[in-house]
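Here is a friendly walk through one protein chain, helix by helix and then residue by residue. Keep the viewer open as you read.

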Amino acid sequence: MQKGSLAVLSKAASLGAGEVAGVIAGSGVEPLAAQAGAHGAATVYVADDPRLEAPLPQPRVDVLAQLVEEQGFETVLLAQSILASDVAAGLAARLEAGLNWQLTDIAADGDALVGKQSALGDSVVVDVGWRATPRIGLFRAGALDPVEQPAAGAVEHLEVQLREHSLAAEMVEQAHAEQTGPSIEDADVIVAGGRGLGEPEKFALVEELAKALGGAVAATRAVVDAGWYPYSAQVGQTGKSVSPTLYIACGISGAIQHKVGMQSSKTIVAINKDPNAPIFEFADLGVVGDLHTIVPKLTELVQARRA
Ligand SMILES: Cc1cc2nc3c(=O)[nH]c(=O)nc-3n(C[C@H](O)[C@H](O)[C@H](O)COP(=O)(O)OP(=O)(O)OC[C@H]3O[C@@H](n4cnc5c(N)ncnc54)[C@H](O)[C@@H]3O)c2cc1C
């Protein structure tokens with residue numbers, strides 16, 4: 001299971017707001033049930049069906065809606081991904097349920113649940129709630145860490161019943177970008193490149209440093225829009241939110257729209273030739289200088305230390 005899903009599951013189990021179940025929907029997914037049990041699921045519902053192999057939302061909406069209607073679950077929590085966002089929206093429409101998204105935390109308050117949501121470009125944290133059940137919550141990527149808490153993890157197989165319209169969409173092709181290291185959602189270390197790299201080929205500098213540190217590569221929207229790096233690596237308001245242990249920003253000015261996606265990183269290191277770049281206002285460590293000199297040297301030092 002994905003780290004984000006396990007994190008949301010263990011958070012739900014820690015609330016003490018009733019029994020928590022995990023749901024696994026896909027094809028050939030039964031072996032994942034044990035992980036859900038180890039992270040707080042008293043029951044693990046497994047919808048294992050070849051029709052769930054493609055990452056399409058509507059069949060998953062059917063599975064979850066059926067569970068909520070038959071078992072009377074009051075709350076459905078998901079970890080954000082492109083697929084989970086589609087599923088959450090579809091489920092909210094199907095169940096006429098309230099959906100709070102971009103949650104960073106959740107707490108029980110008597111019978112109610114109160115979510116924490118960043119607002120106004122992450123400058124404030126607001127409390128959000130639900131007026132009725134079922135409640136649906138979508139957690140921001142990287143907001144929570146999984147915590148092991150063994151529970152019964154009793155597996156229940158679901159008989160998957162799909163609506164006709166849910167099978168109308170078909171996945172005709174799936175291409176995976178080649179990836180050797182961790183994804184930016186899961187990485188402990190992220191090395192990010194911005195327009196200061198000067199040209200797309202210079203992303204090799206960022207990739208080599210990321211490889212030496214066992215981390216992942218991220219990018220700003222400026223370079224993604226310019227076609228220097230894929231959109232899947234974009235961090236920020238219109239990209240992904242990440243919170244690694246270490247975020248190294250190379251040639252990134254630190255615009256607010258980038259900041260909101262990475263400011264919860266534990267340590268931020270910025271390399272920028274402009275001492276007045278906004279990123280230095282929130283970086284933990286700043287290096288003023290030319291990244292083309294500094295980054296290769298840093299990579300060399302990391303490689304030497306690792307050897
Ligand atoms: C609605 C909206 C949504 C947006 N969403 C996002 C988003 O999700 N993510 C995002 O990143 N942006 C987003 N943006 C864009 C954002 O406003 C900035 O334009 C963008 O983040 C800037 O990218 P950058 O830092 O790579 O480039 P720049 O702002 O051009 O900064 C480049 C930096 O590199 C430094 N530099 C140049 N040469 C060198 C060198 N040789 N060595 C070291 N440093 C050097 C410069 O001093 C400069 O600070 C959004 C904008 C809007 C309006």
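What follows looks at helix packing, then at burial, and then at a few residues with their backbone and surroundings. Please bear in mind that this is a predicted model.

**Two helix pairs**

Let us start with helix α3 (residues 57-71) and helix α4 (residues 82-95), whose axes come within 9 Å and cross at roughly 50°. That angle makes α3 oblique to α4, because values from 35 to 65 degrees fall outside both the roughly parallel and the roughly perpendicular ranges. The crossing of α3 and α4 is right-handed. On the α3 side, the residues in contact are Pro57, Gln58, Arg60, Val61, Asp62, Leu64, Ala65, Val68 and Glu69. They meet Leu83, Asp86, Val87, Gly90, Leu91, Arg94 and Leu95 in α4. Sorted by class, this contact of α3 with α4 holds nine nonpolar, two polar and five charged residues.

The other pair is helix α5 (residues 203-213) with helix α8 (residues 291-306), packed at an angle of about 20° with axes 9 Å apart. Angles under 35 degrees count as roughly parallel, so α5 is roughly parallel to α8. The crossing of α5 and α8 is left-handed. From α5, the contact draws on Leu205, Glu208, Leu209, Ala212 and Leu213. From α8 come Leu291, His292, Val295, Pro296, Leu298, Thr299, Val302, Gln303 and Arg306. The residues of the contact of α5 with α8 divide into nine nonpolar, three polar and two charged.

**Helices α3 and α1, from inside to end**

How far apart are the end C-alpha atoms of α3? They are 21 Å apart, which agrees with the 21 Å that its 15 residues should span at 1.5 Å a residue. Within α3, the buried residues are Pro59, Arg60, Val61, Asp62, Val63, Leu64, Ala65, Gln66, Leu67 and Val68. Their cover includes β1 (21-26), β2 (43-48), β3 (75-79) and α4. Some of these buried residues, including Arg60 and Asp62, are charged. After α3 comes Gly72, with a positive phi near 70°.

Helix α1 (residues 3-14) can be read in a similar way. Its twelve residues reach 16 Å from first C-alpha to last, close to the 16 Å expected at 1.5 Å a residue. Leu6, Ala7, Val8, Leu9, Ser10 and Ala12 are buried in α1, and the buried residues pack against β1, α2 (33-38), β3 and β7 (135-139). Just after α1, Gly16 takes a positive phi of about 65°.

**Backbone points to check**

Most residues other than glycine have a negative phi, and most peptide bonds are trans. Two residues here that are not glycines have a positive phi, and they are set out below with their places and accessibilities.

| Residue | Phi | Place | Relative accessibility |
|---|---|---|---|
| Glu96 | about 50° | loop between α4 and β4 (98-109) | 74%, exposed |
| Gln102 | about 55° | strand β4 | 25%, partly exposed |

Which residues are joined by a cis peptide bond? Thr133 and Pro134 are, with omega at about -5°. Pro134 is found in the loop between β6 (124-128) and β7.

**Three residues and their surroundings**

Leu56 lies in the loop between β2 and α3. Not counting residues up to four places away in sequence, Leu56 touches Leu83, Ala169, Glu170 and Met171. The C-alpha atoms of Leu56 and Asp86 are separated by 8.6 Å, with their positions 30 residues apart along the chain.

Ala112 sits in strand β5 (residues 112-119). At 35% relative accessibility, Ala112 counts as partly exposed. Ala107 and Arg135 are the residues that Ala112 touches, leaving out those up to four places away in sequence. Ala112 and Asp62 are 50 residues apart in sequence and 26 Å apart in space, C-alpha to C-alpha.

Is Thr220 buried or exposed? With 9% relative accessibility, Thr220 counts as buried. Thr220 has its place in the loop between β10 (216-219) and α6 (221-225). Beyond neighbours within four places in sequence, Thr220 is in contact with Gly193, Gly194, Arg195, Gln234, Ile252 and His258.

Technical notes: Residues numbered from 1 in each chain as written. Predicted model: local features only at pLDDT ≥ 70, side-chain atom pairs only at ≥ 80, totals over all residues. Heavy atoms only, no water. Axes fitted to C-alpha atoms, helices over the stretch in contact; angles between N-to-C directions. Helix = DSSP H or I, 4+ residues; strand = E, 2+ residues; numbered from the N terminus. Parallel < 35°, antiparallel > 145°, perpendicular 65-115°, else oblique. Left-handed = near helix turned anticlockwise from the far one by under 90°. Contact = heavy atoms within 4.5 Å. Expected span 1.5 Å × (residues − 1). Buried < 20%, exposed > 50% of the residue type's maximum accessible area, 1.4 Å probe, protein only.
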